[in-house]
Amino acid sequence: HDWDIGYLNVNRDGYTTRRAIGVNGQLPFPPVYATKGDILVINVHNSLDVPTSIHAHGLFQKGTSYMDGAGLITQCGIPPGDNFTYEINADQAGTFWIHGHYNHQNVDGLRTPLVVYDTEPAVLDYDEDMLISLEEWYVNEFKVRMEEVLNPLVPFPPPPSFPYGLINGINGNKTTPITFVPGKKYRLRVINMSSTEWFKFSLPGHQLQIIEADGIDSVPHSVDGLDLGPGQRYSAVVTARDTDLYNYQYNATLYANFVPFIPGMNPRYYQGLIEYKAGAPVKTFAQTDDRLFVWSDDIILKALDREPVLSVDRTFEWTISSKKYSNNITLAILDDIPFQPPLVPPLFSAFTMGDLALNSTVYGPQTRAHVLRLGEVVEIIVHNPTILDHAMHLHGHAFQVIEYGPSGIPADPEAPPIPVRTFSEWPMRRDTFVVPAFHYAKVRFCADNPGVWMFHCHMDVHFAMGLAVLFVEAPDVLQREQTIPQALIDMCQRQGIVTSGNGAGNLGFNLTGLPPVPN
């Protein structure tokens, strides 16, 4: 694949033309398809006026941590006018996506689905594979929105924005029909590529059998609809009706629980046509409160491979919060202080610091780096005693989803108690989980993938405000088994970025040169 990443002016929502980021002069640009075992080669040329990078969301990059694409973490950005070739091992089958991972360029359009077909048959037979990508689209560029959030002269938070919904890259109410043939079975791969908001997806008159979440196969589970946070994906098999007397509509609802309910703005409702026969009448259904629907729920799903629950070696327990600092700017916190990248990409420090790479201090205080031993089983408990839901993503891994329960004091004292809910039999795994407002979530993973991996909120405003930490995984093994490509080193050096030493580019524990920790 040859990708020329550049600016273009587009009207995606039907209302506003604005500058966006596309590929080869297109937005949307085509999805990427591969087969398990392929090496996905993407030759990137940067036609922007700022650096760029891309990340294959959900692919573990085992043995190739330097291809993860996290800007200023596993690589320096590709500078304007420069080129870099990603060679990504498609070792996992499933539904993923590729997006910008430098200065949140995904929010402005640099994102597309990635499907890796399996060489083995799926748990349920189906006749055809269909892709449904869901996005929200803001009137303003991400940079403008963040300037509002971080402006010390105006009250925080700024007034909420109300984005529009896109389906398969275009205005959600102008999508082309999806064709069903009576009696056939369809695998719908539904992806929420949004940067902030949630989507609900349903097909009235049809049941959805979930068979995959975030690239992990599940025991088939029947639901009325899919509820997807930013970054999440599901595959569901749908059996078409046995007659073409009627056409049907699917529903895609863009919503956020943490901004005001305003009819026509939050939520926004979109519908598309399931066409059995051109010109057939559309089957209508009585209006039903979707709170009565059975929605996707990862604590109920079971991993198809029946991986046993992991026994914990080490636990991290963190609370999501925000603080106003002395400069009157509010930042987000997961682990004590807000995240900020150091001067040297942490993966480069892990490669070059020898035995000191095992000491988290060398990565700098604002990386919130935690060094893990190879094979260590890590449990993360994330408390969210706030009114905001958060979608949390870990690079390089999928979590076992273990438990959800109450955290903090809900804003509504009349709300029913939040129950503790745990997995049954075999915990489902996924790479992005949601911590609802006033809940905690408990997840586990095995540190079996040497590298430097981000754990961050996939709501880009929160990520940009500092809601992230790093896991530095088995740096001793990393140094023995992997080598950073010279092309990545050269690309940093052309930008004057140091490629060895601690987070400040110095020897030992001398971190002189790093910006001061905010207070």
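Begin by selecting Met454 and Leu470, which stand opposite each other, with Leu470 belonging to strand S33. The model on your screen is a predicted one, and every stop on this tour should be read with that in mind.

**Strand S33 and its neighbours**

Keep Leu470 in view and extend the selection to residues 468-473, the whole of strand S33, where six of the six residues are buried, so that the strand is largely enclosed by the rest of the structure. If you show the side chains, you will find Ala468, Leu470 and Val472 pointing one way from S33, while Val469, Phe471 and Glu473 point the other way, and all are buried. This is in keeping with a general pattern: in a regular strand the side chains alternate between the two faces of the sheet.

Add strand S32 to the selection, which is joined to S33 by six bridges, the two strands running antiparallel. Then add strand S24, residues 369-372, which pairs with S33 in the parallel sense over four bridges; a convenient place to look is Val371, which stands opposite Val472 in S33.

**Aromatic rings**

From Phe471, move to the rings around this residue: ring pairs link Phe316, Trp318, Phe399, Phe433, Phe445, Phe455 and Phe471 into a cluster. The structure as a whole holds 21 aromatic pairs. One pair to select elsewhere is Tyr248 and Phe285, whose ring centres are 6.2 Å apart and whose planes lie at 35°, so the pair counts as tilted. Tyr248 is in strand S19 and Phe285 in the loop between strand S20 (268-275) and strand S21 (314-319), so that this pair links distant parts of the chain, 37 residues apart. Which of the two is buried and which is partly exposed? Tyr248 is buried, with a relative accessible area of 4%, whereas Phe285 is partly exposed, at 44%.

Return now to the cluster and select Phe433 and Phe455, an aromatic pair that is stacked, with 6.3 Å from centre to centre and 20° between the planes. Phe433 lies in strand S30 (residues 432-435) and Phe455 in strand S32, so the pair ties together parts that are 22 residues apart in sequence. Both Phe433 and Phe455 are buried.

**Salt bridges**

How many salt bridges does a search of the whole structure find? The search finds 24, and three of these pairs, followed by a network, make good stops.

Select Arg18 and Asp108, whose side chains meet in a salt bridge at 3.2 Å, N to O. Arg18 lies in strand S2 (residues 18-23) and Asp108 in the loop between strand S7 (94-100) and strand S8 (111-117), so the pair ties together parts that are 90 residues apart in sequence. Arg18 is buried, and Asp108 is buried as well.

Next, select Lys62 and Asp448, where the side chains meet in a salt bridge at 3.4 Å, N to O. Lys62 lies in the loop between strand S5 (54-57) and strand S6 (83-89), and Asp448 in the loop between strand S31 (439-446) and strand S32 (451-457), so the pair ties together parts that are 386 residues apart in sequence. Lys62 is partly exposed, at 41% relative accessibility, and Asp448 is partly exposed at 36%.

Then go to Lys442 and Glu403, which form a salt bridge at 3.6 Å, N to O. Lys442 lies in strand S31 and Glu403 in strand S27 (residues 399-406), so this pair ties together parts that are 39 residues apart in sequence. Lys442 is buried, with a relative accessible area of 17%, and Glu403 counts as buried at 13%. Finally, select Asp214, Arg233, Asp298, Arg430 and Asp431, which are joined into one network by salt bridges that share partners.

**A five-stranded sheet**

Show next the open sheet of five strands in the order S12-S20-S19-S14-S17, which has mixed pairing. Its edge strands are S12 (178-179) and S17 (225-228), each of which pairs on one side only. Within the sheet, five bridges join strand S14 (residues 198-202) to strand S19 (residues 248-255), and these two run antiparallel; to find the register, select Ser202, which stands opposite Asn251 in S19.

**The cavity**

For the last stop, select Gln340, Pro341, Pro342, Tyr363, Gly364, Pro365, Gln366, Thr367, Leu514 and Pro515, which line the largest cavity. This cavity has a volume of about 70 Å³, and its lining residues divide into six nonpolar, four polar and no charged.

Note on methods. Residues numbered from 1 in each chain as written. Predicted model: local features only at pLDDT ≥ 70, side-chain atom pairs only at ≥ 80, totals over all residues. Heavy atoms only, no water. Salt bridge = Lys/Arg side-chain N within 4 Å of Asp/Glu carboxyl O. Buried < 20%, exposed > 50% of the residue type's maximum accessible area, 1.4 Å probe, protein only. Pairing = 2+ DSSP bridges. 1 Å grid on protein atoms, 1.4 Å probe; cavity = no way out; pocket = protein on both sides within 12 Å on 5 of 7 lines; lining within 4 Å. Points joined across faces, edges and corners; volume = space filled by probe spheres on them. Nonpolar A, V, L, I, M, F, W, Y, C, P; charged D, E, K, R; others polar. Phe/Tyr/Trp six-rings, centres within 6.5 Å; stacked < 30°, edge-to-face > 60°.
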